[in-house]
Amino acid sequence: MADDLAKKGMELRAKLWGEKAANDGNEFLKKFDEGFATFLNEQLFGAIWNRPGLPTRTRSMLTLTALMALGRGPELRLHMRGALNIGITPDELKELIVHVSQYSGVPTAVEAIRAFNEITAPPK
């Protein structure tokens with residue numbers, strides 16, 4: 001069961017961020033604590049993100065909402081990239097920011113706009 005969750009977790013992470021980034025992120029966490037890395041991969045990405053009740057796209061939007069409301073800029077940027085990789089459009093991200101701003105406040109919206117501008121800017 002754990003091996004199945006680990007496989008599902010890495011597959012989902014690769015879908016969001018690409019195989020190299022998923023592996024790099026997993027190695028980063030393992031260097032901190034292997035048990036924590038395993039827990040996040042199996043439980044968060046393998047079990048929770050893969051539950052049948054919501055599609056990945058919806059889970060991504062919910063995650064973005066929570067990260068924006070909590071003011072978690074670095075993780076918000078990471079998950080915005082993942083959202084774009086799974087087909088959520090820049091216009092949908094903009095709508096999410098405008099909508100959530102009414103519940104989380106202007107400062108969280110401004111931080112989300114900064115994140116959005118950074119990840120959608122054309123490469124230099």
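**Exercise 1. The largest pocket**

Task: state how much space lies in the largest pocket, then describe its lining.

Solution.
Step 1. The largest pocket holds about 460 Å³ of space. The model is a predicted one.
Step 2. Count the lining: 18 residues line this pocket. Those nearest its centre are Trp 17, Phe 45, Glu 75, Leu 78 and His 79.
Step 3. Assign the lining to elements. Two or more residues each come from α1 (2-17), α2 (19-32), α3 (34-48), α4 (56-70) and α5 (73-85). The most come from α2, which gives five residues.
Step 4. Sort by class. The lining has 13 nonpolar, three polar and two charged residues.

**Exercise 2. α6 against α7**

Task: work out how α6 and α7 are oriented to each other, and which residues make their contact.

Solution.
Step 1. Take the geometry. Helix α6 spans residues 90-104 and helix α7 residues 106-120. Their axes come within 8 Å and cross at roughly 165°.
Step 2. Apply the cut-off. Angles over 145 degrees count as roughly antiparallel. Therefore α6 and α7 are roughly antiparallel to each other.
Step 3. Add the hand: this crossing is right-handed.
Step 4. List the contact. From α6 come Pro 90, Leu 93, Lys 94, Ile 97, Ser 101 and Ser 104. From α7 come Val 106, Thr 108, Ala 109, Ala 112, Ile 113, Phe 116 and Ile 119.
Step 5. Sort by class. The contact has nine nonpolar, three polar and one charged residues.

**Exercise 3. α5 against α7**

Task: find the orientation of α5 and α7 and the make-up of their contact.

Solution.
Step 1. The axes come within 9 Å and cross at roughly 45°.
Step 2. α5 and α7 are therefore oblique to each other. The crossing is right-handed.
Step 3. On the α5 side, the contact uses Gly 73, Leu 76, Arg 77, Met 80, Arg 81 and Leu 84. On the α7 side, the residues include Glu 111, Arg 114, Phe 116 and Glu 118.
Step 4. The classes are seven nonpolar, two polar and five charged.

**Exercise 4. α5 against α6**

Task: repeat the analysis for α5 and α6.

Solution.
Step 1. These axes come within 10 Å and cross at roughly 135°.
Step 2. That angle makes α5 oblique to α6. The crossing of this pair is right-handed.
Step 3. Met 80, Ala 83 and Leu 84 of α5 meet Pro 90, Leu 93 and Ile 97 of α6.
Step 4. The contact divides into six nonpolar, no polar and no charged residues.

Conventions. Residues are numbered from 1 along each chain as its sequence is written. This is a predicted model: local features need pLDDT of at least 70, side-chain atom pairs count only at pLDDT 80 or more; totals for chains, interfaces and linings use all residues. Side-chain values use heavy atoms; hydrogens and water are left out. Axes are lines fitted to C-alpha atoms, for helices over the stretch in contact, and angles run from 0 to 180 degrees between N-to-C directions. Helices (H or I, at least four residues) and strands (E, at least two) are DSSP runs, numbered from the N terminus. Angles under 35 degrees count as roughly parallel, over 145 as roughly antiparallel, 65 to 115 as roughly perpendicular and the rest as oblique. A crossing is left-handed if the near helix is turned anticlockwise from the far one by less than a right angle, and right-handed if clockwise. Contact means heavy atoms within 4.5 Å. Ala, Val, Leu, Ile, Met, Phe, Trp, Tyr, Cys and Pro count as nonpolar, Asp, Glu, Lys and Arg as charged, and the others, Gly among them, as polar. On a 1 Å grid over the protein atoms alone, a cavity is a set of points where a 1.4 Å probe fits but cannot get out, and a pocket is an open set with protein on both sides within 12 Å along at least five of seven lines; lining residues have an atom within 4 Å of a point. Grid points are joined across faces, edges and corners, and a volume is the space filled by probe spheres set on the points.
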